[in-house]
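Let's take a walk through this one, starting with a single strand and working outward. Have the sequence and the model at hand.

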Amino acid sequence: MLKTFPLGGIHPPENKLTANMVIGYLPIPENVTIPVSQHIGAPATTIVNKGDYVKTGQVIASIKGFVSSNIHSSVSGKVNKIDTIIDTTGYKQEAVFIDVEGDEWIETIDRSSEIVTEIKLSSEKIIKRCLESGIVGLGGATFPSHVKLTVPAGKKIDLLIINGVECEPYLTSDHRLMLERGEEILIGVAILMKALKVDSAKVGIENNKPDAIDHLTKLATGFKGITIHALKVKYPQGAEKQLIKALINREVPSGHLPLDVGAVVHNVGTAYAVYEAVQKNKPLFERVVTITGKSLALPGNFFVRTGTPIRKLIEAAGGMPDDTGKIVNGGPMMGKAINNIDIPVVKGTSGIILFPHNESERSEINPCIRCAKCISACALNLEPFLLMTLSEKGLFERAEKERITDCMECGSCSYTCPADRPLLDYIRLGKSTVIKMARERNMK
Amino acid sequence: MSPTILITIISLSLLALISAVILYFVAQKFKVHEDPRIDEIQAVLPAANCGGCGFAGCRNFAEALVNADTFEGLNCPVGGAEVMDMAAKILGKEAPVVDPLVAVLLCNGTPEYRPRTSKYDGASDCRISHNLYIGETDCSYGCLGNDDCVRACSFDAMYMDTATELPVIIDDKCVACGACMKACPRNLIELRKKAKKDRKIYVACSNCDKGGPARKACKLACIACNKCFKVCEFGAIVIENNLAYIDAKKCTFCRKCVTECPTNSIIELNFPPRKPKVEVQTETVNG
């Protein structure tokens, strides 16, 4: 019997159309726009000026505060301007515009294809390298990795968990990476283990990727302390708390972090980025992005330089189909629809999905019939129908008591609702309002 | 009469008498003294409990009026001068003259002038779409059109115009309670001084972007060209954050700025038609 988390969860159609597509390299575009905020935390401070020549891998915006991240140039060329761009939400954000000239990398990066197995750096140096290389969580949340690797005093970590679940339908970037860069990922895991000073790591992979499980299990025999675990397919298993529960049966209490139960979770994509940063000295300016959709001519997985417009990615996949109704940045469950395809690929872009018209429109909203399907689907034991009503009516204090801030916005409730009620829309509103209220209260 | 009935009547009467005496003394002992004028004033107030005065309801406001030394800063926008004078009479005070206000929408981005670039099909709530993204147009300041303000209005003074996709404020019904102002996540509603015959001149735009991007998003956007500022002889216009603002207290309704505005973002309402010698370039859109 395969393991999974016990509470809630749903089984959306998988639609992993690109699972067999080898990761290609997207050509470098003529211009890139690199936002200075591609992570959770304070935006980085721009340190280049208009007219400067930058090389690939050079820092163009430096870390500001502890919870922040360095931003590196993904191309070589001249800084055209530093201006605002429209980001995924449509609102403005600062970005560095670079006109590409050739592809000259900074000298310190080891560009050979040789795999470096020996880990020379000490724990502190690894964390420092992650900070310098701008490594953030590549699962989608883009939380700076050096923060997660720095264990606060008094806390004890005994296990590293590696997230290879990729529970979002459609997305295959982690799956392909595990198949094609398996050894590098495992070295990355070993590096993370050394940084955290733990001697065991568990890699959780859902059972819909048997090839990746076999491949990594074979490779893992050469690594001490790393074990590969197949998990039963269920969304949202890729969420930290659910993965910890599924793998080691520890429950992270409401309002706490995985740290509090002695575990740290990192994504396989992050492990690969850590390998490149520590062993090859290559900062994070490139990632795997899945471009997919049922009507696309050539869906696929690509290594994409950050700052590349999404338009280029769609062109590489055979152009935008005529029946496109919605373009989603991220997975279909948690991703956000975008209203502009000139926005750049950033560190957190795991996939771009083009939905045809008939699949993109939301149905008519009907009254709640109290069927409690949303409660059964919630992996965090919340009552989504109640949280929605409370947010709708502006009863935010009550919503706070009902643990609205625990919600991870996985969308299982909205997915399962037979009346097509916009549960998550209102819960998001309530959650952001409650967080704002709590912040104001703490300031007093 | 049987003795049972007699005993019952006597004992119950006695019980009632004793209870009445106890209740009387208890009521005397725990009497809550309340100013009778609070009741009187509450009777005068409109009983809308809209919160436009800044208090939780009409009773709270009546209490505040009785306890206040002067009426400074206290005003019932719903009742207006008439009600405030009546309240002042009861308390033997003077009610200061407060200009009546009316709500106006600082956006005129109809689909014709502000093209829709995406379609929003989430929950119909401005707060949600504002948190989520820029909205259906490219203007990050303009009206989202999901009728939060209309739902907030308890005086039926607003409705959504399906053609312009903007809310419309009915001047006669608007009491300037400010509920719509609080409901709007983009602060697009302003309470302006009410003028004679409901005449209005104001900049129906809130876009703080520079001219280029603002105009790209909406043809009626204020581009802060300074033309209105220069033409105004009364110093009623200030330009701040790439946006012009007309001070209703200084404005004399000369309408010079309206003709001067190259983007028609300044609108005039409820004026008689202009004389034909001045060439009117475009119709103003009622909003």
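Which residues point one way from β9(A) and which the other way, and are they buried or exposed? Leu159(A), Ile161(A) and Asn163(A) go one way, Leu160(A) and Ile162(A) go the other, and all of them are buried (20 or more other C-beta atoms within 10 Å of a residue's own, against 12 or fewer for exposed and partly exposed in between, with C-beta atoms placed from the backbone). That fits the strand as a whole: β9 of chain A, residues 159-163, has 5 of its 5 residues buried. Strands here are DSSP runs of E with at least two residues, numbered from the N terminus.

A quick note on what you're looking at. This is a predicted model, where local features need pLDDT of at least 70, side-chain atom pairs count only at pLDDT 80 or more, and totals for chains, interfaces and linings use all residues. Residues are numbered from 1 along each chain as its sequence is written, while chains are lettered from A and ligands numbered from 1 in the order in which they are written.

Now for the neighbours of β9(A). It runs parallel to β12(A), residues 263-267, with 5 bridges joining them, and Leu160(A) sits opposite Val264(A) there. β9(A) is also parallel to β10(A), residues 201-206, through 4 bridges, with Asn163(A) opposite Gly204(A). Strands pair when DSSP finds at least two bridges between them.

Over to where the chains meet: 11 residues from chain B and 12 residues from chain A make the contact (C-beta atoms, placed from the backbone, within 7 Å).

Definitions and conventions
Two residues are in contact if their C-beta atoms, placed from the backbone, lie within 7 Å.
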